[in-house]
Amino acid sequence: MTSIHLENLGKTFGSFTALKNMNLEIADGEFVALLGPSGCGKSTTMNMISGMIEPSEGEIRFGDRDMRGVPMSRRGVGFVFQNYAIFTHMTVYENLAYGLRATGVAKAERERRVNDMAEFLHLTPLLKRPAAGLSVNILQRLAIGRSAIMEPAIFLLDEPLSNVDAAFRAVMRTELKHLQREFRQTMVYVTHDQLEAMTMADRIAVMDHGKLLQVGTPIDVYNNPSNVFVAGFLGSPGMNLIKGRSVMADGVMRVDLGEAGLSAPLGDALSRSAREGKAVVYGFRPEHCELTDGDGLRLPVNFVERIGARTILHMGRDGHSIKGVFDNRVPVRQGDIVTLAIDPSNIRLFDADTGNAIAEAH
Amino acid sequence: MNRSLSFEIFRYAAILAIVALSLVPTLWMASMAFKPIAEWSATGADLTWWPKSPTLDNFRFLFGESSSDLIVALDRTATQPILASLLAAIFGTLIAMIAGTSAAYGLSRFGSGGNLPLALIQLRIFPPMAVMIPVMIMWAFLGLIDTWYGLALVYGIVTMPFAFWLMKTFFDDMPREIEDAALVEGCSRLRVFWKITLPMMRPALASSALFVFILNWSDYLIGLLLTTRDWVTIPVYMASLSSSMTGQLYGAKAALGLIAAIPPVVLGIAIQKHLVRGLTFGALKQ
């Protein structure tokens, strides 16, 4: 079992910078999800951990072993690829046994481990089947098994569930978590699907444009995004972000949100850090607002999206797009003007210039 | 409906016409191979589609048994040319496939080889005649003229670009992740190549090898220039099948043509499974 240390890690491909200044400590046995949109550098990071590509700068250590120049076959990592990379000229059994055979594990031991793993992943009835022609769900399960059977100290998964169907994805999320509890590997999981990251990971590392933006527990990152990108990226729908300007009115600090009107007074912590007249981004989660008859933001309803359990209202004028999540019987129709009251403790302010959170509002 | 029906009729008529056009000469050759001299040398109204009195005389004649009707005897039988063609084509194909596959793999995976692809195309830009005379001189100097291995070497060099380009496209299409997966599990590069890459490439190897073999097998020009007597190939030998008394020995030529058709057809059938299957790396997201 091994911890992973990434220090000032960077990678450039020609003039393109895929990753810069990445610092991340992954503890022994921890499950960390690298989360971000495509092209954010998460797969590059993963490939450097596995040794598939060498970093342009910085250092990777497993425990206190420097990984520079160590070929991937000697790193003791397991890697599951998005496209499974199953050896289609072999049977399911041969695929599972492949790594064990390559590293010279004795036949009896090999058979025992293959059978155990097949049992664990419900592949036993398929062992003698050729791998070509199996369904994608089975292939991905097989790919996970083929890596896990080597009992790697570090298990790297590169978007393993993005090709399988939704129902199977839910099953596999549970199984992967189960697998990690069973084998206690250090797991790094690359995904662009926040649901996977939120449900499985101990900690989430959110990345964008080759930069690590925030690391923390799923709840912490969700509740206290460190900048506007993380705020908008996490959550479905993401955090509402409205440009405004902090103003002093009646002795309390508020945010002037233009046509939507003035915000409710800000809490103490936010008031202290937001100087008057500052350009800010006012953020709140769609589930943290209510319809009210009293004071609040006045917004037209552009679209009512009913998704079963919930109803999402799309509100706002011009450039604003504000979403609110309500229960499915909310008595609102398209074209209504509603007044939104926002729970003051759940308001987040960001600097409009830098995009960074203005204060930690706990 | 009607329109598409008439279109279908037209389509099948066109296909039939093309098939007939290409099959008729082949069938004619097959028929002629079994005709006695009186029939294959006949003209006008005496021409028949089917041999009236089918005989194996033409084949016997090729392998040295003099025919009662034909008063010519060959100064050498077809045995040696068939052997020459087989050896030169098989070893030429081996050389081309081994060199071409290795080069293609190196270039496709590691980008090694620099301008190799272009250099290999250049080999094909020259008409063979332009380079064959210098090659002939070199081969004469090296004592490779009229040897099966000298011929095989040239075949290998000449067809290697085809093997290279075919295999390169196949390697390019094979996802690297498959090899990476094996590498990460502790396999050496060489083992990955032997146990994973090549087995998965079997269909590609089979179809490329067949293509290269047919090229080598049907060569005339190089064989003509580089062999003189002991190791002349089937096409060269075939051209010599004539006599001053009867002119072209069409019956014997047809019989030899039929024999020459056997290896490609047999090979084709043998690897048909691969050819049909083509390159289906079924288990990968495309």
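**Exercise 1. Work out how many residues of chain B and of chain A take part in the contact between the two chains, and how much area is buried there.**

Solution. Begin with the residues: in this predicted model, chain B brings 19 residues to the contact, while chain A brings 25 residues. Then turn to the area, which comes to about 2,100 Å² buried between chain B and chain A, with carbon and sulfur atoms giving 64% of that value.

**Exercise 2. Find which side chains form the salt bridge between chain B and chain A, and describe the side of chain B that touches chain A.**

Solution. The count between the two chains is one salt bridge, and the side chains that meet in a salt bridge are those of Arg146(A) and Glu185(B), at 3.3 Å from N to O. Next, look at the elements of chain B: helix H8 (176-184) and helix H9 (189-200) are those that give two or more residues to the side touching chain A, and H8(B) supplies the largest share, seven residues. Finally, sort this side of chain B by class, which yields twelve nonpolar, one polar and six charged residues.

**Exercise 3. Explain why strand E13 of chain A is described as largely enclosed, and identify strands that pair with it.**

Solution. Consider burial to start with: five of the six residues of E13(A), residues 279-284, are buried, so the strand is largely enclosed by the rest of the structure. Now take the pairing with strand E11 (residues 240-249) of chain A, which is antiparallel and extends over six bridges, with Ala279(A) as the bridge partner of Arg245(A). Strand E19 (residues 348-351) of chain A also runs antiparallel to E13(A), joined by four bridges, and here Gly283(A) stands opposite Arg348(A).

Definitions and conventions: Residues numbered from 1 in each chain as written. Chains lettered and ligands numbered in written order. Predicted model: local features only at pLDDT ≥ 70, side-chain atom pairs only at ≥ 80, totals over all residues. Heavy atoms only, no water. Contact = heavy atoms within 4.5 Å. Buried area = accessible area lost by both parts, 1.4 Å probe. Salt bridge = Lys/Arg side-chain N within 4 Å of Asp/Glu carboxyl O. Nonpolar A, V, L, I, M, F, W, Y, C, P; charged D, E, K, R; others polar. Buried < 20%, exposed > 50% of the residue type's maximum accessible area, 1.4 Å probe, protein only. Pairing = 2+ DSSP bridges.
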